[in-house]
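I opened this notebook to record what I looked up in the structure, entry by entry. The entries follow the order in which I consulted the structure.

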Amino acid sequence: MNVITNLLLVFIVLIVLILGKTSFYVLSGLFMNVLLFFFLIFCLHQGIPVYVAALAYILLNSLITLGYVNGWNEKTKAAFYSLVLFLFVVSLVFIPLIQKLSISGFSSQELEELAALNLNVPVSFTQLSVSVILIGVSGALIDGSMSIAIATAEIFQQSSQQMNLKKLFQSSMSVVKSILNSTVNTILFAFISTGLALIFWYQDLSIPWYEMINSQAFVFEFAVIILSSISVAFVLPFTAVITCRYFLRKKG
């Protein structure tokens with residue numbers, strides 16, 4: 001516990017030194033997101049539908065991260081509108097797709113540890129698994145949409161010549177191409193860090209590779225990385241289009 005406390009103190013000190021006065025919004029926003037997570041668990045315990053609670057959590061988390069931490073300005077408005085529209089489309093496509101993957105519930109290894117517990121809980125594990133993946137994907141979407149919205153706004157504000165939709169979108173897409181590779185690599189490294197121990201464990205148990213890649217635990221982790229990468233690949237140009245139209249319409 002002392003190690004965790006010390007690391008938390010180091011994190012707070014670094015945030016304060018780097019961000020200065022704005023560090024208050026970052027730290028308080030992080031605390032609010034933690035409370036929001038516990039509120040999500042409370043809502044599920046009270047019997048609120050899983051999809052409703054998860055989508056409400058994603059929207060509130062987006063408002064805190066974009067609007068509160070970064071300030072409610074034209075950049076964060078464009079990023080939030082893009083995120084909401086894209087999440088609506090993603091939900092319509094991903095929910096039936098994830099259900100077909102059949103990765104809900106606990107894996108056989110987890111069931112061994114939970115054998116002494118009562119698993120008869122009034123929550124749909126299929127909906128819960130879908131919601132967990134959507135929440136995981138939303139983190140990458142918030143980061144990507146905010147990056148593109150800020151970059152597009154800076155291009156629009158710093159441009160000395162008259163910008164039309166085509167020129168502004170082309171400039172924004174040049175930023176998209178630069179960000180996309182690093183964002184996908186970040187998601188890939190996150191998967192490697194979480195899945196490496198699982199892979200080594202399967203190897204120690206002498207489980208064949210074809211059983212490993214078809215196991216529920218591995219497919220679940222791999223589904224998150226693939227769906228996150230697909231979402232980021234779509235949300236970056238999608239945010240560029242929405243942001244370009246938003247700023248040109250505000251100017252006009």
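**Entry 1: helix α3**

I began with the burial of helix α3, where I found V50, A53, A54, Y57, I58, N61, S62, I64, L66 and G67 buried. I note at the outset that the model is a predicted one.

I then asked what covers the buried residues of α3. The cover includes α2 (23–45), α4 (74–101) and α6 (125–158).

I checked the length of α3 against its residue count. Helix α3 covers residues 50–69, and its 20 residues should span 28 Å at 1.5 Å a residue. I found the end C-alpha atoms 27 Å apart, which agrees.

I also looked at what comes just after α3, and there G71 takes a positive phi of about 90°.

**Entry 2: N61**

I selected N61, which lies in helix α3, for a separate look. Is N61 buried or exposed? Its relative accessible area is 12%, and N61 therefore counts as buried, the cut-off being under 20%.

I next listed the contacts of N61, leaving aside neighbours within four places in sequence. N61 is in contact with N33, L36 and I142. Of these, N33 and L36 fall within the range of α2 (23–45), and I142 falls within that of α6 (125–158).

**Entry 3: the whole chain**

I turned to the protein chain as a whole and counted nine helices and zero strands. Read from the N terminus, the order of elements is α-α-α-α-α-α-α-α-α.

I recorded the extent of the chain along its principal axes: the C-alpha atoms fill a box of roughly 65 × 40 × 35 Å. The chain has 252 residues, and buried residues make up 35% of them.

I took the contacts between residues at least 6 apart in sequence, and 75% of these join residues at least 24 apart. The chain exposes about 15000 Å², of which carbon and sulfur atoms supply 69%.

I also compared the charges. There are 11 positive and 9 negative charges in the chain, and their mean positions are 32 Å apart.

**Entry 4: salt bridges**

I kept one general point in mind here: side chains of opposite charge can pair when their charged atoms come close. How many salt bridges does a search of the whole structure find? The search finds two.

One salt bridge joins the side chains of E74 and K77, with an N to O distance of 3.9 Å. E74 and K77 are three residues apart in helix α4, and so about one helical turn separates them. I noted E74 as partly exposed, at 29% relative accessibility.

E154 forms a salt bridge with K75, and the closest N and O atoms of this pair are 2.9 Å apart. E154 lies in helix α6 and K75 in helix α4, so the pair ties together parts that are 79 residues apart in sequence. I looked up the accessibility of both partners: E154 is partly exposed, with a relative accessible area of 30%, and K75 is partly exposed as well, at 21%.

**Entry 5: S145**

I chose S145, which is placed in helix α6. S145 has a relative accessible area of 0% and is buried.

Which residues does S145 touch, not counting those up to four places away in sequence? I found A79, L83 and T239. I also looked up the separation of S145 and A240: these residues are 95 apart along the chain, while their C-alpha atoms are separated by 8.3 Å.

**Entry 6: I98 and Q162**

I located I98 in helix α4 and recorded it as buried, at 3% relative accessibility. I98 and P49 are 49 residues apart along the chain, and 18 Å separates their C-alpha atoms.

I found Q162 in the loop between α6 and α7 (165–204). Q162 counts as exposed, because its relative accessibility is 60% and the cut-off is over 50%. From Q162 to L9 I recorded 48 Å, C-alpha to C-alpha, for a pair 153 residues apart in sequence.

**Entry 7: helix α1**

I closed with helix α1, which comprises residues 2–19. Its 18 residues should span 26 Å at 1.5 Å a residue, and the end C-alpha atoms are 26 Å apart, which agrees. G20 follows α1, and I noted that its phi is positive, near 70°.

Terms used: Residues numbered from 1 in each chain as written. Predicted model: local features only at pLDDT ≥ 70, side-chain atom pairs only at ≥ 80, totals over all residues. Heavy atoms only, no water. Helix = DSSP H or I, 4+ residues; strand = E, 2+ residues; numbered from the N terminus. Expected span 1.5 Å × (residues − 1). Buried < 20%, exposed > 50% of the residue type's maximum accessible area, 1.4 Å probe, protein only. Contact = heavy atoms within 4.5 Å. Areas by Shrake-Rupley, 256 points an atom, 1.4 Å probe, with all protein chains shown as cover. Lys, Arg positive; Asp, Glu negative; His and termini not counted. Charge placed at Lys NZ, Arg CZ, Asp CG, Glu CD. Salt bridge = Lys/Arg side-chain N within 4 Å of Asp/Glu carboxyl O.
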